[in-house]
Amino acid sequence: MTMLIARETPRALLNNLKTWLESKESTTITGSLTVAVNGMDPPIAEPNTTLHAVAMSIDFQQAASPRSLYARLMVRCYVEHPDGSHDFNELQELAGRVAESICRYPAGHGDVVTADVDSGASIQFDGGRAYAYIVLLLTVPTKNDI
């Protein structure tokens, strides 16, 4: 059996999704959105500002077809207010908007075939920070021409 290799590296795909999420055409997210990739944590909120941030990582999975692979996109969404508080509804809303935006990612870009929500959003806590965790299942094209 031929080993399938994704057309884009994980880093390149995450950077493309980051650029898409930060663009004004991609989403209904209002205000600025900080996007961290490759397992990096988003920054802490600046004084007197509310942080809206997303941290993403990706894990390529098994073959979806002879020309595509599944990939799990893990997304952590943060909304932190200047006083350090979190609003669970805002976390869920941001996760929903990010998922919707990624699911609308244009096929014309050539690095994602399909995107759907796999699980979440669930509220998680890590080191005192609350975030909404959501997993999207992507189908990505491969380099293989069969």
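Contact here means that heavy atoms lie within 4.5 Å, and the structure shown in these views is a predicted model.

**View 1. Surroundings of Ala-64 in strand β2.** When neighbours within four places in sequence are left aside, Ala-64 is in contact with Leu-69, Tyr-70 and Thr-139. Ala-64 counts as partly exposed because its relative accessibility is 31%, a value that falls between the limits of 20% for buried and 50% for exposed residues. The C-alpha atoms of Ala-64 and Leu-138 are separated by 9.8 Å, although these two residues are 74 residues apart along the chain.

**View 2. The five-stranded open sheet.** The strands follow one another in the order β1-β2-β3-β5-β4, and their pairing is mixed. At the edges are β1, which spans residues 34–37, and β4, each of which pairs on one side only. Direction ignored, neighbouring strands of this sheet are turned against each other by 25° on average. Strands of a sheet pair through backbone hydrogen bonds, in either a parallel or an antiparallel manner.

**View 3. Pairing of strands β3 and β5.** Strand β3, made up of residues 68–80, pairs with strand β5, made up of residues 129–141, in the antiparallel sense, and the pairing extends over 10 bridges. Within this pairing, Arg-76 stands opposite Tyr-133 of β5.

**View 4. Helices α1 and α2 against the strands.** Helix α1, which comprises residues 10–22, lies across β1, β2, β3 and β5, and runs at about 135° to β2, the strand of residues 51–65. Helix α2, by contrast, lies across β2, β3, β4 and β5, and runs at about 10° to β5.

**View 5. Asp-111 in the loop between α2 and β4.** The loop that holds Asp-111 connects α2, residues 88–103, with β4, residues 114–126. Asp-111 is buried yet has no salt bridge, and the nearest side chain of opposite charge, that of Arg-7, is 7.9 Å away. This separation does not qualify because a salt bridge requires a side-chain nitrogen of Lys or Arg within 4 Å of a carboxyl oxygen of Asp or Glu. The side chain of Asp-111 does, however, make a polar contact with the side chain of Asn-16 at 2.6 Å, and another with the side chain of Tyr-105 at 2.9 Å. Apart from neighbours within four places in sequence, the residues in contact with Asp-111 are Glu-8, Leu-13, Asn-16, Tyr-105, Val-140 and Pro-141.

Conventions: Residues numbered from 1 in each chain as written. Predicted model: local features only at pLDDT ≥ 70, side-chain atom pairs only at ≥ 80, totals over all residues. Heavy atoms only, no water. Helix = DSSP H or I, 4+ residues; strand = E, 2+ residues; numbered from the N terminus. Buried < 20%, exposed > 50% of the residue type's maximum accessible area, 1.4 Å probe, protein only. Lys, Arg positive; Asp, Glu negative; His and termini not counted. Polar contact = N/O pair within 3.5 Å; in protein donor to acceptor, adjacent residues only side chain to side chain. Pairing = 2+ DSSP bridges. Axes fitted to C-alpha atoms, helices over the stretch in contact; angles between N-to-C directions.
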